[in-house]
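Student: I should like a close look at the nonpolar core of this chain and at the helices and loops around it. Please give one connected account.

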Amino acid sequence: MPQYLAALMVVLLIGTVVGRVLVLKRSDTRAMHFGKLDNSDFAIPPVALFYFYTIFAAAFGWPMVSRQRFFHSTVVSWIGLALCAIALAVLVGSLVSFGRSFRVGIDVDAPGRLVTTGIFAVSRNPIYVGFFLFLVGQFLVFPNWVPLFYLAAGTWLFHRQVLREEEFLRRQYRREFDEYCSRVRRYV
């Protein structure tokens, strides 16, 4: 049962982000800036699709690269599922706090206002915290080397993107961003 719910969580995660981008598009806010500053970003979608396939394959018994599991524990699977649910709540809280300032990628042309309220008063990067918790949760449900690799690689990529975004925010908002950084931690 946790495996099916974990696969559903993937659909909810993707749907939440895509849904928000589409809502913003209808209000004439261009939220997709993916790959605009760094062409290597275009390697992410096929890699993400492989991850999504791996999760669905593990949940529904489809062919996959490896079925090896590091451990078998229903309790740990439910803990993983709870982490995925918390991650989705953090993501939704981030999107609500972002309002019209939400972007996928760095928007150098119309970055919107600096968001420091709501969940951003607790973490400067709650979306990445949510994505990290999501990957940890998925690994606990599907304890295989593929989700473990994605957890490690995702953690590195999230941190890399956070550094890129914070460099941009520091140049864009200067003192306001520096004051924000002095009050709120980068992650938690």
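**The core and its surroundings**

Tutor: In this predicted model, a sensible place to begin is the record: an unreviewed UniProt entry places the feature "transmembrane region" at residues 43–63, 75–98 and 127–151. Two of these stretches can be set beside the coordinates. Residues 75–98 are 100% helix and 0% strand, with 34 Å between the end C-alpha atoms. Residues 127–151 are 88% helix and 0% strand, and there the end C-alpha atoms lie 15 Å apart. Helix α4 covers residues 126–141 and helix α5 covers residues 145–173.

As to confidence, the mean pLDDT of the chain is 92, and 98% of the residues score at least 70. The lowest confidence falls in α2, with a mean of 93, and the highest in α4, with 98.

The largest nonpolar core has 45 residues, and among them Phe102 and Phe134 touch the most other members. Helices α1 (2–26), α2 (44–60), α3, α4, α5 and α6 (175–183) each contribute at least two residues to this core. Around Phe102, once neighbours within four places in sequence are set aside, the contacts are Val17, Arg20, Val21, Leu24, Ala31, Leu95 and Ile127.

Some of these partners also belong to the packing of α1 against α3. The axes of these two helices come within 10 Å and cross at roughly 10°. Since angles under 35 degrees count as roughly parallel, α1 is therefore roughly parallel to α3. On the α1 side the contact is made by Pro2, Gln3, Leu5, Ala6, Met9, Leu12, Leu13, Thr16, Val17 and Arg20, and on the α3 side by Ser77, Trp78, Leu81, Cys84, Ala85, Leu88, Leu91, Val92 and Leu95. Val17, Arg20 and Leu95 thus take part in this helix contact and also touch Phe102.

Ser101 is located in the loop between α3 (74–98) and α4 (126–141). Ser101 counts as buried because its relative accessible area is 9%, below the 20% limit. Beyond residues up to four places away in sequence, Ser101 touches Pro111, Gly112, Arg113 and Val115.

Further along the chain, Phe158 lies in helix α5. With a relative accessibility of 17%, Phe158 is likewise classed as buried. Outside its neighbours within four places in sequence, Phe158 is in contact with Tyr128, Phe131, Phe132 and Leu135. Ala31, one of the contacts of Phe102, is 127 residues from Phe158 along the chain, and the C-alpha atoms of Ala31 and Phe158 are separated by 19 Å.

Two loop residues deserve separate mention for their backbone. Most residues other than glycine have a negative phi. Asp28, which is not a glycine, nevertheless has a positive phi of about 65°. Asp28 lies in the loop between α1 and α2 and counts as exposed because its relative accessibility is 74%, over the 50% limit. Arg174, also not a glycine, has a positive phi of about 45°. Its place is in the loop between α5 and α6, and Arg174 is exposed, with a relative accessible area of 59%.

Terms used:
Residues are numbered from 1 along each chain as its sequence is written. This is a predicted model: local features need pLDDT of at least 70, side-chain atom pairs count only at pLDDT 80 or more; totals for chains, interfaces and linings use all residues. Side-chain values use heavy atoms; hydrogens and water are left out. UniProt positions are given in the numbering used here, feature names are shortened, and annotations may be inferred rather than shown by experiment. Helices (H or I, at least four residues) and strands (E, at least two) are DSSP runs, numbered from the N terminus. Buried means under 20% relative accessible area, exposed over 50%, partly exposed in between (1.4 Å probe, protein chains only). Contact means heavy atoms within 4.5 Å. A nonpolar core is a set of buried Ala, Val, Leu, Ile, Met, Phe, Trp, Tyr and Cys residues joined through side-chain atoms within 4.5 Å. pLDDT is the predictor's confidence in each residue, from 0 to 100. Axes are lines fitted to C-alpha atoms, for helices over the stretch in contact, and angles run from 0 to 180 degrees between N-to-C directions. Angles under 35 degrees count as roughly parallel, over 145 as roughly antiparallel, 65 to 115 as roughly perpendicular and the rest as oblique.
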